[in-house]
Amino acid sequence: MIVFTVMSYILPQRKDLIVNFERMVTTNVKQFLEKRPHNLPDMDDFANAKAVILLNRLSLLLGYYADILFTSNHEAFRQAMEFLIEGIGNNQGIDEVVARGCVDTIAIVVTDHDVAPRLKLYLDTIVSQVVNLLDSVVFINFFDFMNDLVKLYAKDLVGDKILSLMTAVINRILKEQQAK
C-alpha cells in the first residue's frame, strides 16, 4: 500500500518511472486485479482490512493514471477496466469500500478524453458488465457513470449494445417501481 501511495504522488512527476510501474503491474496483473483477495479463511480482521484498502487504493490509482498507464499493453488495460467494473458488483459488507472506489474510478475514466480511444475497443465487454450490474447496484454515482457512458459514447453504442443497455435500465426502473 505504501508503494501505491508513493507512486500516486511520484508518477506524474517522474515519467521515467511509468515503464517500470507498468511492468510491475502487468507482470502481476492477475494477482493485483484479483476480485477478492480478502475474506480468505486464514486472514484475520486486520489482514482483511489491509487487503480491502489496498484494492481500493489500486482502483483509485488506475483512475488517476488511466491516461498514461497501459498505453501499449492493451490486455493489461482491458483487465484493469474489467477489474473496475466487476469490483462495483461486489458491494456487500467490507467489499463496499472497494465497490465505491471502483465506481468513482470508472466514472472518472469514462470521461477522460485521452482514454476514450482505448476504452472504445472494449465497449462490448463494458456494456455486458454494466447490464449485469444494473439489477443490483445501488450507488447513485453508478447511474451518473452510466449517463456519461451513454452520452460520451453515443455514436459507438449502436445496435445490440444500446438495446441491451436500455432494456436493462427499463427493467431496473420497473423493479424499483414494483418495490414501492
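How many helices and how many strands does the secondary structure of the chain come to? I counted through the assignment and found ten helices and zero strands. Before going further I noted that this is a predicted model, so I treat each entry below as a reading of that prediction.

**Entry 1: the whole chain**

Reading along the sequence, I wrote the pattern down as α-α-α-α-α-α-α-α-α-α. I then looked up burial and found that, of the 180 residues in the chain, 42% are buried. For the surface, I noted that the chain exposes about 9900 Å², and that carbon and sulfur atoms supply 58% of that area. Taking contacts between residues at least 6 apart in sequence, I found that 69% of them join residues at least 24 apart.

**Entry 2: helix 4 against helix 6**

I started the helix pairs with helix 4, residues 45-64, and found that this helix packs with helix 6 at an angle of about 5°, the axes lying 8 Å apart. Because angles under 35 degrees count as roughly parallel, I entered helix 4 and helix 6 as roughly parallel to each other. On the helix 4 side, I listed Val-52, Leu-55, Asn-56, Ser-59, Leu-60, Leu-62 and Gly-63 as making the contact, and on the helix 6 side Val-97, Val-98, Gly-101, Cys-102, Thr-105, Ile-108 and Val-109. Sorted by class, the residues of this contact come out as nine nonpolar and five polar, with no charged residue.

**Entry 3: helix 6 against helix 9**

Staying with helix 6, residues 95-110, I next looked at helix 9, residues 140-152, and found that their axes come within 9 Å and cross at roughly 20°. That angle makes helix 6 roughly parallel to helix 9. I recorded the crossing of helix 6 and helix 9 as left-handed. Which residues of helix 6 meet helix 9? They are Val-103, Asp-104, Ile-106, Ala-107 and Val-110, and their counterparts in helix 9 are Asn-141, Phe-142, Phe-145, Asp-148, Leu-149 and Leu-152. By class, the contact of helix 6 with helix 9 holds eight nonpolar, one polar and two charged residues.

**Entry 4: helix 8 against helix 10**

I then turned to helix 8 and helix 10, the latter spanning residues 160-179, and found axes that come within 9 Å and cross at roughly 10°. This angle makes helix 8 roughly parallel to helix 10, and I noted that their crossing is left-handed. From helix 8, the residues that meet helix 10 are Leu-123, Asp-124, Val-127, Val-130, Val-131 and Leu-134, while helix 10 brings Lys-161, Ser-164, Leu-165, Ala-168, Val-169 and Arg-172. I sorted the residues of the contact between helix 8 and helix 10 into eight nonpolar, one polar and three charged.

**Entry 5: Val-130 and Val-131**

Two residues of helix 8 seemed worth a separate look, and I began with Val-130, which is found in helix 8, residues 123-134. Is Val-130 buried or exposed? Its relative accessible area is 0%, and because buried means under 20%, I entered Val-130 as buried. Leaving aside neighbours within four places in sequence, I found Val-130 in contact with Ile-85, Phe-142, Phe-145, Met-146 and Leu-165. Phe-142 and Phe-145 also appear among the helix 9 residues that meet helix 6. I also looked up the C-alpha to C-alpha distance between Val-130 and Ser-164, which are 34 residues apart in sequence, and found 9.8 Å.

Val-131 is likewise found in helix 8, but with a relative accessible area of 24% I entered Val-131 as partly exposed. Not counting residues up to four places away in sequence, Val-131 touches Ser-164, Leu-165 and Ala-168. The C-alpha atoms of Val-131 and Val-169 are separated by 8.0 Å, although these residues lie 38 apart along the chain.

**Entry 6: Ala-116**

Last, I looked up Ala-116, whose place is in helix 7, residues 116-120. At 14% relative accessibility, Ala-116 counts as buried. How far apart are the C-alpha atoms of Ala-116 and Leu-152? I found a separation of 8.9 Å for this pair, which lies 36 residues apart along the chain. Leu-152 is also one of the helix 9 residues that meet helix 6.

Notes
Residues numbered from 1 in each chain as written. Predicted model: local features only at pLDDT ≥ 70, side-chain atom pairs only at ≥ 80, totals over all residues. Heavy atoms only, no water. Axes fitted to C-alpha atoms, helices over the stretch in contact; angles between N-to-C directions. Helix = DSSP H or I, 4+ residues; strand = E, 2+ residues; numbered from the N terminus. Parallel < 35°, antiparallel > 145°, perpendicular 65-115°, else oblique. Left-handed = near helix turned anticlockwise from the far one by under 90°. Contact = heavy atoms within 4.5 Å. Nonpolar A, V, L, I, M, F, W, Y, C, P; charged D, E, K, R; others polar. Buried < 20%, exposed > 50% of the residue type's maximum accessible area, 1.4 Å probe, protein only. Areas by Shrake-Rupley, 256 points an atom, 1.4 Å probe, with all protein chains shown as cover.
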